[in-house]
Amino acid sequence: MPADGGIGASTKRREDVRFLTGNGNYTDDINANGQAYVYFLRSEMAHAKINGIDTSDAEKMDGVIRIFTGEDFVEVGGVPCGWEVTDRFGNAMQEPRHPILAHGKARHVGDPICAIVAETLEQARDAAEAIELDLEELPAVIDMKSALAKDSPKVHDELESNLCYDWGFVEENRDAVDEAIKNAHHVTTLELRNNRLIANPMEPRVAIGMFDRTTDEHTLYTTSQNPHVIRLLMGAFVLGIPEHKLRVISPDVGGGFGTKIFHYAEEAFCTFAAKAVNRPVKWTCSRSEAFVSDAHGRDHVTKIELAMDKDGNFLALRTDTHANMGAYLSTFAPSVPTWLHGTLMAGNYKTPLIYVNVKAVFTNTVPVDAYRGAGRPEASFQLERVIDKAAHEMGIDPIELRRQNFITEFPYATPVAVEYDTGDYNATMDKMIEIADLAGFEKRAAESADNGKLRGIGVNCYIEACGIAPSNLVGQLGARAGLYESATVRVNATGSISVMTGSHSHGQGHETAFPQVIADMLGIDASQVDIVHGDTSKVPMGMGTYGSRSLAVGGSAMVRATEKIINKAKKIAAHLLEASEGDIELKDGQFTVAGTDKSVAWGDVTLAAYVPHNYPLEDLEPGLEETAFYDPANFTYPSGAYACEVEVDPETGKVTIERFSAADDFGNIVNPMIVDGQVHGGIGQGIGQALLEQAVYDDDGQLISGSYMDYAMPRADDVPFYTVDHSCQTPCTHNPLGVKGCGEAGAIGSPPAVVNAVVDALRRAGQDITHIDMPLTPSRVWQAMQS
Amino acid sequence: MTQVTMTVNGKAVSGEAEGRTLLSQFLRDGLGLTGTHVGCDTSQCGACSVHVNGKLVKSCTMFAIEADGAEVSTVEGEADEDGTLSTIQQAFQEHHGLQCGFCTPGMVMATKSLLAENPKPTEAEIRAYLSGNICRCTGYHNIVKAIMAASGQDVSAIAAE
């Protein structure tokens, strides 16, 4: 491994300097000359008919520039959904209109009804208090199963019901799965809930809209993981602005975790209003507002059945899930419980028959969409929980039950439509057993017992599909976008390089890791390479960062563009060296003629490209800049084995995480330090889901856990040091770097490990407990122990 | 509007503030010191942590006029004039104690305060001290490790990297 640069080095992050000194440039740090501020007056009711809005007093208040209501957006497109799911009967999902500002009805607490644009934020807020809303409260639809009852009130009156779709996968397997389950030696059944979460990146969302009347150009600064996607969705489907008149910039972004993928109404509003009032318009979301306006995550209610023969071989798997969509369809919402969930139900196992049924349901809650892992954590959690229960019921060691059902030959086509290219699940299991020191568990358990604590251990595996995604495949599955990535490598005359990438860094360290790749390919110092991202006017096109795709897809585009650069540079070098192009080799930043001592330096070649006095002009254009688009041939399939050790206090039910170990296979690794950090962060969020976090709605649709006072974010004293390892590497076979992606693994692999550990601790104490729903709060664990 | 005067990072500054203007707002909007971040509105996240008269304060819990005449330090004052990072800042970079960077200014200021009070804190003491600062990216592993390293403790035995 190189010491301090190139692929495989734990290069320290260059972006840290500006973040550590307070010089980051986040969207809220940006202020436009003459900017006005917008405050959104949001519905305090979950479901209400809007009978009237009286803004007359508010309009007269100091500083008020204009007050907008849903009426102002009747002629404007609604917030679009980027994925159409076809139900199991061949029909398109039910897709309601999502207006920029509520019109006719408000459908969740937090649904924006009015937007007050004023000289200052305080004046806008003061004016909001003077608006008289005549709202008629309607019965709220909150519980998913009740929402599907025939007599349920409807979230959208124009739709037939609250059912978005009833999806079956693989529908042709339905009868065979039913039959296999009916005839199996043993069927383990588990009902569980994957708790509703709020992503909570520490930077709240911000949008600043600007309009230049002299050029007719709109600019939107926004806290997005994918500014080009926002440009496409908002320009084409909401406001009707062509791409060349719309620039979207996402500067430093303070974390995303999925919730900053989506196109939000506030972005469209600020862009629209900047033209309407002829002023830049800025919106900064407060945290309280974020709780009721950022898309939430997870919220599945599932029944899973695993059929086995007498030896514990998996025969069939059947799942029945209700997935909450919330009040409107957020950008990728329909894909999460379907194509990002059903396709992963094989997990690491050779279960021959699988059937997944998902009913997506509208409720009077905030829209639900992708959150770190997006569908894959939901798949992994139910599968690894049911296997743990099955092991207990069958009297087989949980590790051995997994091993005996592992897929061991690759490529492997699962019965749920995906083909795993590589993996070695026994290797990661072995590594996990080693780093978790499973051999020492009993001793530690005895020590815990001496201290009056119950110790338990939970293990699990995971697999995920990353590097999203082959465009032709996702197109068939309903995606309304391609999922390639682009990169432009611009070599300057003196040899330094600017790389324009469509990937977006909001904590992942692209500014450090991406130059490692390019520098490695060219044999130059990484300090010669800078990454440019997050601006549609600088980067040709981009699908952004999510689904652990940046290196696997964006990095591959960079590699392809750099290969083109090398090809052209070799032609120039061959001319300068008066040699045949085929004899030119590039090593350590020098072009040499094979078998001779003739060479020319990288910088001399790049200079020749821009000062082409001695240059093959008849055959080659001057300049050295190349663009590549990379569309992956398949998903990538990171996998791993995790172990969690907990102590449960039998007096209080409080769970503490004593040890957490993760053995991952991410294929090749560019920057191990950054990969470790990604896994740490994912585990932290997974522990948060397992022990602490839950978005709770009451029956009236009020979000009870609507601030950090009530929504328990993991803090430093809730988690231990983690032991992580990624030395098991089966490189991806279909991208040039052999990388798989590491951003979501921790959040996918950790919740089942924690829950398996707590159940194990209670079982060892003689309790007949098979499951506790997340989050495993002290009161839930204590109550389970009393029952 | 009231005229507020204070010393920020060693420089005398003044500006206008309403009675309801928070110190965090005054620093960001009034003085353009945008290193101090606002991550919540209930004084829970700690991203806006600064020092007021040497004491760690969440600047969203204080009105600007309450800081009239005070000595305020923010993250912008932590590195040397020539840009050399402080020991704490260097440790955060060396041990990858930050990802998106949004909570980082608060973490740096909290660490400075912790190490002033307790120059060699244990892991448990660090974790307890940081309970007022939320990070969503790092799972805290490398933050705790960086703070131990900044306090001169050997962190080579701590797993990972």
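In this predicted model, the domain assignment splits chain A into three parts: domain 1 (16–22 + 484–630), domain 2 (31–138 + 225–240 + 263–284) and domain 3 (296–469 + 634–786). Domains 2 and 3 of chain A have their C-alpha centres 37 Å apart, and they meet through 23 residues of domain 2 and 21 residues of domain 3. About 1,800 Å² gets buried between these two domains, with carbon and sulfur atoms giving 63% of that area. On the domain 2 side, A:Trp83, A:Arg107 and A:His108 do a good share of the work, supplying 27% of what domain 2 buries against domain 3, more than any other three residues. Salt bridges don't feature here, as the count between the two domains is 0, but 8 residue pairs are in polar contact across the interface (both at pLDDT 80 or more). By class, the domain 2 side comes out at 11 nonpolar, 6 polar and 6 charged residues.

Then there is the interface between the chains. Here 53 residues of chain B touch 54 residues of chain A, burying about 4,600 Å², of which carbon and sulfur atoms give 57%. B:His96, B:Arg127 and B:Arg136 supply 18% of the area that chain B buries against chain A, again more than any other three residues. B:Arg136 also turns up in a salt bridge with A:Glu693, the closest N and O atoms being 2.7 Å apart; the count between the chains is 5 salt bridges. Polar contacts add up to 29 residue pairs (both at pLDDT 80 or more).

As for secondary structure, α1 (23–30), α2 (87–94), α3 (104–117), α4 (123–129) and α5 (141–150) of chain B each put at least two residues into the side that touches chain A, and α5(B) gives the most, with 5 residues. That side of chain B holds 23 nonpolar, 19 polar and 11 charged residues.

Definitions and conventions: Residues numbered from 1 in each chain as written. Chains lettered and ligands numbered in written order. Predicted model: local features only at pLDDT ≥ 70, side-chain atom pairs only at ≥ 80, totals over all residues. Heavy atoms only, no water. Contact = heavy atoms within 4.5 Å. Buried area = accessible area lost by both parts, 1.4 Å probe. Salt bridge = Lys/Arg side-chain N within 4 Å of Asp/Glu carboxyl O. Polar contact = N/O pair within 3.5 Å; in protein donor to acceptor, adjacent residues only side chain to side chain. Helix = DSSP H or I, 4+ residues; strand = E, 2+ residues; numbered from the N terminus. Nonpolar A, V, L, I, M, F, W, Y, C, P; charged D, E, K, R; others polar. Domains from an automatic or database assignment.
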